[in-house]
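Reader: Before I rely on words such as buried, core or salt bridge, I would like to see the reasoning that stands behind each of them. Could we go through the structure in that way?

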Amino acid sequence: MNSLPSRLKKLSWGLFSLIVWPALGLSQPTPAAPLPSNSAAAVVGPIVLRDESVDQVLALLERWSGKTILRPQALPVATITLTLKGNVTRDEAIRALETLLALNGIGISPLDDKFLKVTALASAKAEAPELIDGSTLSLPPSGRIASKVFQLQFLKVTEFMPQIASMLNPAASSVPVVFESANAALVTDSLTNLQRIENLLAKFDQPHLSNLRAKFYPLHFAKASEVVTKLRTILSGPLQTQLGTSTTYNPDDRTNQVILITDARQYGFFDDLIAKLDTKSDANTRNDVIYLKYAMAKDVASSLTQLVTTQNGAARKNGSESAASGAPTPAAATTPATPAVANLATSATLKLEPTNQFSALLTVLPEERSNAIIVSGTEGDIRLIKELVAKIDIILAQVRIEVVIAEVTLGDNGTTGISALGLKVESGKLTGFTGAAAGVGLTDSPIVGSTDLAALIALSTTPRKSSANILSVPTILTTHGKEGKIFVGESRPMISSYLNDNSSVGTGTGSGYRSTVNSKDIGIQLSVKPLIGNDGSVQLEIKQEVNDILGDITIDGNPQPRIGKRSTESFVTAQSGEIIVLGGMQRTSESRSTSRLGPIPIIGDLLGSRSSEKTRTDLVFFLRPVVLTNTAADNAPALERVEQFPLEQRAQVKSMIAPRPIKP
C-alpha cells in the first residue's frame, strides 16, 4: 500500500505535468520505464527540469541508469534546472545529471553494475570512488568522481604534483597521494579534471634530450682530458650561457676522444675549436739534477710530488688552467692543456708568488745514490722546484739532551726521591734545592748555571745526601722530530720455547729436549723525541721503562727470572737550558739475614739471630735540553769535561781535536 508521502509526490508531479508543461508550450517529459543495461544509446528527451529537488533528480537518474541509488539520510539541499531541447542518448542525459549534481555538491560513485552510491561531494573521495585503469581520454567527460594512478616517466612526481594542486576541485578532490619510490601519484577528482591532468602529462612528461645528439671527436696529438680542460676555460662565463645548460663535453682518455652532447646546430662551432686545439706542439721542457746537502732525496721528492699532484688536481676540479712559465704559445697552436693551479700559499707553508704555477708536464724523481732529485719540466717548473728545494734543504735544529739518572733510597718518612733530595720543582722543572753542603745551610737556593749537569746535580745530592746514587750520566744528541734512546743495563738470555726432541741419528739418541733462547734487556730504557721551536723552546716526548729482576720462577724444571716492569710516558715543554725532573718510579725490595746456625730449630734461636729489612728506592731522571747554535759554545760542556781529565790524557785529547792547517 502506497504511503501518504508517495501519493502526494505523485499528485504534485501530475499537477506539474498538466499545468506547467502546456503553459511552456512543451511536451510533457514523461519518465520512461527503466531501460535495460544494453540500451545505452536509447534516445530520451526533450527534457525540461525547473527547480527540481535533489530527490526528484535522483529518482530520474535511478530510472535512466537502471541502478538502485544508495544514499545517506541527509544530502546537500539544492534545486536542479536542466533543459535538453533535442533528443539525447540515455548516457548523455546521465552524464548531464551527474555533472549538475557535482556542481551542487553531490557526488556519484558507481558501486557495481546494480548500485550507485550518492554522497556529499566532500565525502565522495573517501567512499572508494571508481578507480580507472587505463586512459581516461576514451571516456566521455563528466563530473563523476573517480580516482586514477598517474605513472610519470621523466618528470619527478614530487615536482609535478604540487604544481597541479591548484587545478583540482577543492570540494571534490583530496591531496594527491604521492608514491615517490614508484614516481607515481593517486589523484581523486572529477573525470574532467583527471582527463586534463592526463593531457598535461602527455605534453610535459617527455625526455628533455629530444633535440640533443652525441658526437665523438678522436684526437691525434692532444690528450682528451687536457683539451676538455682548455674548452672549459675558453667557454666559461657568458659563452657557456649562450651554449645552454644541456651542452656537455667530457673526455674519454681510454680512447682519447672528446664526447660532445649538444644540439646538432652547434656542431660546426665545436668542430673548428677542437680541430685548432688538437695540434701537434712540442713543449719546451728539459731535465735537471738538483743535489741535496742535508735532506734525504726520497723524502724531498715525495713531498714535492704530492704538492704538484694536489695543486694540479685542484686546478682541474675548478676548471681553470693557465700556461706554465716558459712554455711556448704559438699563435696558431696551443700547448696541450696546462692546468692552472692554486696559489702555493693556500696549500703549503712555503709562500711563492701568486702567479707561479706548475705545469702538467712536471715530474720529480729521487736519485738516492747521489742524494739528488731529477726534475723534468718547463723552465718555469724547474725554477719553482729550485726555489722550494732551497727552502726545504736546510739543517734542522739540533738539541743536546744531558741526562742524569739517580737512584734515591727513601727513609721511613720519605715519599718521593725529589722530596728526599730537597729539590724545588715547579711545573716539572728544577728551580732550586734546600739542604746543607760543606757545613753551609741552604734554603730554597737557586740553581747556579753549570755546563756540566752531572756536576750540578752532584752539588745538591752527594755527598750531602748519602742516600742518592748517580747510576748513569749519558747524553743524547738528536735533531728535530728524531727519537733518541738510552739503555743502561744488561741483556740476559731467556728460554722462549722448550721442546721435546727424541730424534736419533744413526745409533745415537738425541738429548731429549731442545730450548730456544732469546735475549731480554734488563735495565733502564729512556727514549726522547724533541720538537724544537723557533723561540728556543723544546717539547719533549719522553718514554721511561725500568725492568728489574725480582727473583726466579721454575717452569718445566727450568728457572726463569721474574721481571718487574715500570714505565711512564710524559710530554714536557721547556726552554733551552732548563732542567726537567721526573720521578716516582719506585721499587720496594726485601732482604733477610741469619747466623750460621739460624736455620736450625731451637739451636738457631739460641745461638743466632734473624733479620728482615725492606728498602724503598726511587729513580729520579734529570734532563736538560740545550738547543745547539752551530757555534763554539756548543762544545763548551765537552771541553769542560776534558779539563777534568788527568794531565796526560787531557793533552792527548786536545792534540786530537786541535784544528790542523790545510795544506795548499
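Author: Let us start with the nonpolar core, which is a set of buried Ala, Val, Leu, Ile, Met, Phe, Trp, Tyr and Cys residues joined through side-chain atoms within 4.5 Å. Please keep in mind throughout that this is a predicted model.

Reader: Which residues have the most contacts inside the largest nonpolar core?

Author: That core has 25 residues, and those with the most contacts inside it are Leu 58, Leu 61, Trp 64, Leu 97, Leu 101, Ile 108 and Val 118. At least two residues each are supplied by strand 2 (47–53), helix 2 (54–65), strand 4 (79–84), helix 3 (90–103), strand 6 (106–110) and strand 7 (115–120), and helix 2 gives the largest share, six residues. A second, separate core of 23 residues includes Leu 526, Val 546, Met 585 and Phe 621. In soluble globular proteins, nonpolar side chains tend to be buried together.

Reader: What does Ile 108 touch, leaving aside residues up to four places away in sequence?

Author: With those neighbours not counted, Ile 108 touches Leu 58, Leu 61, Glu 98, Leu 101, Leu 116, Lys 117, Val 118, Arg 144 and Ile 145.

Reader: Why are Arg 624 and Glu 402 said to form a salt bridge?

Author: The rule asks for a side-chain nitrogen of Lys or Arg within 4 Å of a carboxyl oxygen of Asp or Glu, and the closest N and O atoms of Arg 624 and Glu 402 are 3.1 Å apart, so the pair qualifies. Arg 624 lies in strand 29 (residues 610–627) and Glu 402 in strand 18 (residues 398–410), and the pair therefore ties together parts that are 222 residues apart in sequence. Buried means under 20% relative accessible area; Arg 624 has 6% and is therefore buried, and Glu 402, with 3%, is buried as well.

Reader: What makes the contact between Arg 566 and Asp 548 a salt bridge?

Author: Their side chains meet at 2.5 Å, N to O, which is within the 4 Å limit, so the name applies. Arg 566 belongs to strand 27 (residues 558–575) and Asp 548 to strand 26 (residues 537–555), and the two residues are 18 apart in sequence. Both Arg 566 and Asp 548 are buried.

Reader: Why is Arg 286 called partly exposed, and why does Asp 288 count as buried?

Author: Partly exposed covers what lies between 20% and 50%, and Arg 286 has a relative accessible area of 32%, so it is placed there. Asp 288 stands at 16%, under the 20% cut-off, and is therefore buried. The two side chains meet in a salt bridge of 3.7 Å, N to O, and Arg 286, Asp 288, Glu 379 and Lys 386 are linked in a network of salt bridges. By the same rule, the count for the model comes to 18 salt bridges.

Reader: How do you know that the buried residues of helix 9 lie on the same side of that helix?

Author: The buried residues of helix 9 (residues 267–277) are Tyr 267, Phe 270, Leu 273, Ile 274 and Leu 277. They cover an arc of only 135° around the axis, and therefore sit on the same side of helix 9. Asp 272 and Lys 276, on the other side, are exposed. The cover over the buried residues includes strand 12 (212–218), helix 7 (224–234), helix 8 (238–243), strand 13 (248–252) and strand 14 (257–263).

Reader: Why does Arg 265 count as exposed?

Author: Exposed means over 50%, and Arg 265 reaches 75% relative accessibility, so it counts as exposed. Arg 265 is in the loop between strand 14 and helix 9, and its side chain makes a polar contact of 2.9 Å with the side chain of Asp 263. Gln 266 is found in the loop between strand 14 and helix 9 too, where a polar contact of 2.7 Å joins its side chain to that of Thr 262.

Reader: What makes Phe 622 a buried residue?

Author: Phe 622 has 0% relative accessibility, which is under 20%, and it is therefore buried. Its place is in strand 29, and its C-alpha is 9.2 Å from that of Lys 429, although the two residues are 193 apart in sequence.

Key: Residues numbered from 1 in each chain as written. Predicted model: local features only at pLDDT ≥ 70, side-chain atom pairs only at ≥ 80, totals over all residues. Heavy atoms only, no water. Buried < 20%, exposed > 50% of the residue type's maximum accessible area, 1.4 Å probe, protein only. Helix = DSSP H or I, 4+ residues; strand = E, 2+ residues; numbered from the N terminus. Arc of directions from axis to C-beta. Contact = heavy atoms within 4.5 Å. Polar contact = N/O pair within 3.5 Å; in protein donor to acceptor, adjacent residues only side chain to side chain.
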